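Thanks for coming. I have one structure to go through today, and I will keep to what can be read from it.

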Amino acid sequence: MLPESLGSYEPESHNNNPPRLAADLVNEAKANLAVRDGFASFYYHPSHPYHPVEPLKETVEGILALGYIFVSPERLL
């Protein structure tokens with residue numbers, strides 16, 4: 001099981017948790033840069049009827065702009 005260190009995209013409050021927008025995920029990734037040998041992972045439910053693709057693009061572009069690279073889960077094991 002791989003952790004979702006940044007959490008998940010949730011545009012509305014859910015289960016007593018506040019909304020988590022693309023900017024929130026990118027800000028968490030920025031904070032994670034202080035962690036040695038850490039990584040940033042998040043969850044985005046692509047088939048959710050209310051989650052358009054634009055916030056996913058915003059999240060990916062923001063994380064890439066911080067200097068992260070995306071790798072397959074197998075490379076982390």
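I will start with the chain as a whole, go on to the helix pair, and then take a few single residues.

A word on the source: this is a predicted model. The chain has 2 helices and 2 strands. In sequence order, the pattern is β-α-β-α.

On overall dimensions, the C-alpha trace spans about 35 × 25 × 25 Å along its principal axes. The radius of gyration is 13 Å, and for 77 residues a compact globule would come in near 11 Å, so the two agree. Of the 77 residues, 23% are buried. As for how far contacts reach along the sequence, take those between residues at least 6 apart: 55% of them join residues at least 24 apart.

Now the helices. How do α1 and α2 lie relative to each other? Their packing angle is about 20°, and the axes are 9 Å apart. Angles under 35 degrees count as roughly parallel, so α1 and α2 are roughly parallel to each other. The crossing of α1 past α2 is right-handed.

Which residues make the contact? On the α1 side they are A22, A23, L25, V26 and A29. On the α2 side, which belongs to a helix covering residues 53-65, they are P55, E58, T59, G62 and I63. Sorted by class, that contact has 7 nonpolar, 2 polar and 1 charged residues.

Next, the other contacts of α1. N32 is in this helix, and at 17% relative accessibility N32 counts as buried, because the cut-off is under 20%. Beyond four places in sequence, N32 touches S5, L6, F39, A40 and Y68.

One of those partners, A40, is in the loop between α1 and β2. With neighbours within four places left aside, A40 is in contact with S5, L6, A29, N32 and Y68. So compare the two lists: S5, L6 and Y68 appear for N32, and S5, L6 and Y68 appear again for A40. A29, on the A40 list, is also among the α1 residues that meet α2. A40 can be placed against the start of the chain as well: A40 and P3 are 37 residues apart in sequence, and their C-alpha atoms are 9.0 Å apart in space.

The next loop along is the one between β2 and α2, and H51 sits in it. Is H51 buried or exposed? Its relative accessible area is 8%, so H51 is buried. Setting aside residues up to four places away, H51 touches Y9, E10, P11, Y44 and H45.

Last, two backbone entries to look at if you check torsions. Most residues other than glycine have a negative phi. N15 has a positive phi of about 55° and is not a glycine. N16 has a positive phi too, about 65°, and is not a glycine either. Where are they? N15 is in the loop between β1 and α1, and N16 is in the loop between β1 and α1 as well. N15 has a relative accessible area of 60% and is therefore exposed. For N16 the value is 84%, so N16 also counts as exposed.

To recap: α1 and α2 are roughly parallel, H51 and its loop lie between β2 and α2, and N15 and N16 carry the positive phi values.

Definitions and conventions. Residues are numbered from 1 along each chain as its sequence is written. This is a predicted model: local features need pLDDT of at least 70, side-chain atom pairs count only at pLDDT 80 or more; totals for chains, interfaces and linings use all residues. Side-chain values use heavy atoms; hydrogens and water are left out. Helices (H or I, at least four residues) and strands (E, at least two) are DSSP runs, numbered from the N terminus. Contact means heavy atoms within 4.5 Å. Axes are lines fitted to C-alpha atoms, for helices over the stretch in contact, and angles run from 0 to 180 degrees between N-to-C directions. Angles under 35 degrees count as roughly parallel, over 145 as roughly antiparallel, 65 to 115 as roughly perpendicular and the rest as oblique. A crossing is left-handed if the near helix is turned anticlockwise from the far one by less than a right angle, and right-handed if clockwise. Ala, Val, Leu, Ile, Met, Phe, Trp, Tyr, Cys and Pro count as nonpolar, Asp, Glu, Lys and Arg as charged, and the others, Gly among them, as polar. Buried means under 20% relative accessible area, exposed over 50%, partly exposed in between (1.4 Å probe, protein chains only). The radius of gyration is taken over C-alpha atoms; the globule rule is 2.2 Å times the number of residues to the power 0.38.
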